[in-house]
Amino acid sequence: MLPVVAVLVAVAFADGEEAHERPYVHRIRLLDAKRDPITPDSTAPYSPRQTCSGTECHSYDTIARGMHFDMGKIRMADDWGTKHRNEPWHLSPGMAGGFLPTFRRQFAKKQNASAAEIDMTAYEFVQACGPCHPGGGVMELDRDGTRYDQRMKQTPGLADTLDGDYHKARWHRSGVVEVDCLLCHAQWPYDNDERKAQLGRENYAFAATAAAGFGSVAGTAAEAGPPVKVQYDPRLFDPQGRVTLDIARPKDRACLLCHHVPTLKDGERFKHRHSANIHLAQGLVCVDCHSGHIDHNFQLGRKLHWSVGGHGAAHQGHEQASEQTMSCEECHEASHLGAPLPLHPGFPRFHFDKLACTACHTGPALLVKHGGTQPVLSDLSSSTPQTAGHEAAYPDQQAPWQITYHQGRDGLLRVHNCQVPKWWGNRMADGTVWPLFLREVAPAFKAAAAQIQDDDGDGTPEVNTGAEITAMAAALRKGLEGGRFATVQPAFVMGPHALWVEEGEVRHAPAPQATPLCIAIAHTVLGPRQALGAGGCTDCHSTASYFLSGQRLLNDLNSQGRAKAEPMHAQMGYPRTRIRLGAVRESLVKPLGLLLIPLTVLACLLHYVLFGPKRIHRDDPDDELPRFSTFERTVHLLQLLAFVVLAVSGVGFVVASWLRDAIPQIWTTSWMEAVHRGTGYIFIATSLLLVLRWLPAAVFRRYDLQWLKIMGGYLWLKGEAPAGRFNAGQKMLFWLLAAACVCLGLTGLLMALRPASLEGWVGWAYFLHDLAAMLVVPAIIGHVYLGTLANPGTLRAMFDGTVTRPWAARHHPNWLAESGESKGDPS
């Protein structure tokens with residue numbers, strides 16, 4: 001009956017909301033862990049397990065297996081890391097039991113031989129990591145599947161054992177943290193700060209009650225004294241002892257209670273004053289993409305977006321989640337939830353064979369455009385679980401996080417947040433470095449502090465020189481002897497190597513754990529006006545571009561206290577020459593080529609005004625000479641039309657990204673490329689035919705030198721301008737076009753086909769293609785001007801194939817003479 005009433009009430013109060021946004025009003029009794037109803041006089045905390053589960057409601061056990069609650073517990077075992085990764089310190093593939101040196105804490109095994117093997121117990125995990133986990137899993141049940149508080153009440157002496165679930169624990173006083181349904185589903189202000197405060201006081205079972213606002217909590221389980229009690233707010237209960245709860249699917253507010261803080265859980269907590277998430281601006285919420293079912297296994301990001309790199313990273317995503325979110329392409333090409341079809345005007349299609357959508361359309365693109373020096377993640381110390389007192393004793397900071405670009409398993413470049421490793425471990429016989437506990441490293445750092453200097457001048461001493469590594473290794477060896485390792489050999493994982501001291505010398509070797517930890521970034525989605533490339537090709541293709549020329553950190557500090565880095569393009573496999581060519585092409589060749597077009601038109605207009613046309617005053621229209629055959633005119637016309645299409649579409653490539661709001665939607669990159677490529681084949685074919693046809697007439701003769709001396713009489717220089725069938729200027733244009741045709745044809749084919757064996761030459765192809773086009777287009781504009789306005793009577797030769805004899809005598813006297821002044825075909 002309750003579900004029916006809830007739905008009816010929800011519909012009645014919907015007020016026009018979308019169905020998926022309507023709250024489901026629950027009027028129910030709160031139950032405690034014993035299933036006793038909560039009344040205003042009760043002192044026990046309410047139990048989400050008992051309140052929300054039941055035959056008529058939800059299956060708590062099904063929900064508790066969801067990814068946010070299980071966190072890898074279902075596969076947790078002391079030997080999981082040994083069996084699956086040859087890294088014994090991993091107890092599971094998830095956050096519960098997995099390990100990252102960045103967190104500096106290791107989840108304790110269930111069975112331990114000594115206290116030296118225990119770092120963070122399940123009890124400590126709740127305090128350290130509980131504020132960002134909604135309960136259940138390792139926060140509720142031990143590794144045998146029993147509630148901690150129940151077992152500990154039955155066996156109080158467990159706190160004195162070496163059991164990683166109970167060592168030094170007070171579960172019998174604190175209670176457990178059940179799955180807190182209201183943390184995500186409450187539609188009233190949920191006080192997450194109060195929840196954190198209660199967890200900090202070890203009032204684990206009381207955190208959900210206080211955060212939901214049901215009442216106030218008095219006392220603390222962390223200290224011996226009176227039992228912790230709840231004082232409920234009587235105003236919340238109706239005469240039947242029920243409370244009214246507005247429940248709905250999670251809003252972003254609930255997700256951001258955990259996912260906005262700077263941690264490594266998902267690889268990104270990007271906040272920037274310039275950022276504007278276009279998905280949020282269009283009304284999307286987190287669960288539109290990360291939807292789920294009653295089992296609460298939400299769709300995760302694409303596997304290709306998960307972490308890459310080493311240094312012992314366990315966080316590969318939640319393996320129990322069987323589904324992934326839709327990809328950018330799947331969503332936009334299917335217009336899912338009204339997503340527009342991206343046109344990308346001005347972007348060559350091959351970019352999409354190299355770049356993932358997130359490379360340009362995620363928040364870090366803004367930082368890349370502004371220099372890219374800021375890390376996406378802030379310093380992790382505020383969210384990293386620490387051992388009390390040890391952080392201050394061990395101030396050696398981890399390497400900074402940095403925006404970098406890496407190829408995924410599909411070969412596409414994605415933006416990542418990366419950190420080079422910098423941590424201490426113990427080198428085992430097989431070369432594997434077993435991470436040390438922070439409580440093992442801190443005393444050694446304190447003992448060696450006098451020998452550790454501040455080499456980089458940041459005010460904090462750091463270990464990086466051979467002497468400092470030797471001193472720290474000696475201090476660690478002293479502290480580790482007789483402890484949990486049979487063989488003690490301290491090693492420092494820094495940059496690409498593991499370093500250790502042997503026979504008084506610092507030795508090093510590459511180590512899988514020494515590769516950077518890189519986590520792909522896929523959120524803070526930017527629209528076309530903010531994405532990388534919105535400012536033109538120079539957003540990437542310039543010597544100042546962080547995308548290609550930014551420095552990727554390889555080692556935080558070397559022995560001289562300086563960071564070692566390499567440019568981004570080196571990691572992508574592109575040589576420096578290719579990057580410089582691209583920068584010159586985008587910043588110089590393209591703008592200059594565009595500028596030459598109006599300058600050439602202006603020069604032609606000035607010439608016409610200053611010098612006027614070469615008119616023939618005694619022209620006899622009946623005295624005609626054949627000049628060009630039908631074949632020549634046809635091929636020349638096809639060549640001209642092909643050139644016009646190539647020039648317009650080529651200019652379109654340059655300006656389309658600048659004028660994307662002003663051009664028709666049909667003017668997309670794919671359309672332009674298809675037209676440009678097809679017309680290019682026509683241009684190559686017609687140019688080859690004309691070269692073969694006109695080659696004999698294009699050979700330079702001695703009299704062409706005289707034509708060049710007076711510039712054909714087009715300027716202020718006067719005199720006889722001898723010329724054969726083609727004058728010297730036309731011959732120069734012929735050879736220019738012949739060379740350009742070869743260049744444009746070969747480079748165009750290379751750009752279109754992009755054979756893998758010639759990939760290294762593609763950069764040169766683009767550069768030479770644009771350079772040739774920059775020379776040809778103004779030359780053709782000048783040729784058209786001289787063949788029309790500047791020389792009346794010339795254009796007819798390309799239509800009816802004839803010219804008048806006076807015209808020939810004026811412009812091509814040698815050709816007329818060589819024809820014997822006959823009325824035959826001088827050509």
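## Strands 11 and 12

In this predicted model, strand 11 and strand 12 are joined by six bridges and run antiparallel. Let's pick out one pair to find on screen: Glu502 has Glu505, in strand 12, as its bridge partner.

## The sheet they belong to

Now step back to the whole sheet. Five strands make up this open sheet, and following the order 9-8-10-11-12 takes you across it. The pairing is antiparallel. At the edges sit strand 9 (433-435) and strand 12 (505-510), each of which pairs on one side only. From one strand to the next, the twist averages 40 degrees.

## Strand 10 and its neighbours

Strand 10 covers residues 490-494. With strand 8 (residues 422-427), strand 10 shares five bridges, and the two run antiparallel. A pair to look for here is Trp423 with its bridge partner Val493 in strand 10.

Strand 10 is also joined to strand 11 (residues 497-502), this time by four bridges, again in an antiparallel arrangement. Met494 has His497 of strand 11 as its bridge partner. Strands 10 and 11 form a hairpin with two residues between the strands, and in this hairpin Gly495 takes a positive phi near 65 degrees.

## Two faces of strand 10

Here is a handy rule for reading side chains: in a regular strand they alternate between the two faces of the sheet. In strand 10, Pro490, Phe492 and Met494 point one way, while Ala491 and Val493 point the other way.

Are these residues buried or exposed? Both groups are buried, and strand 10 is mostly covered, with five of its five residues buried.

Notes:
Residues numbered from 1 in each chain as written. Predicted model: local features only at pLDDT ≥ 70, side-chain atom pairs only at ≥ 80, totals over all residues. Heavy atoms only, no water. Buried < 20%, exposed > 50% of the residue type's maximum accessible area, 1.4 Å probe, protein only. Pairing = 2+ DSSP bridges. Axes fitted to C-alpha atoms, helices over the stretch in contact; angles between N-to-C directions.
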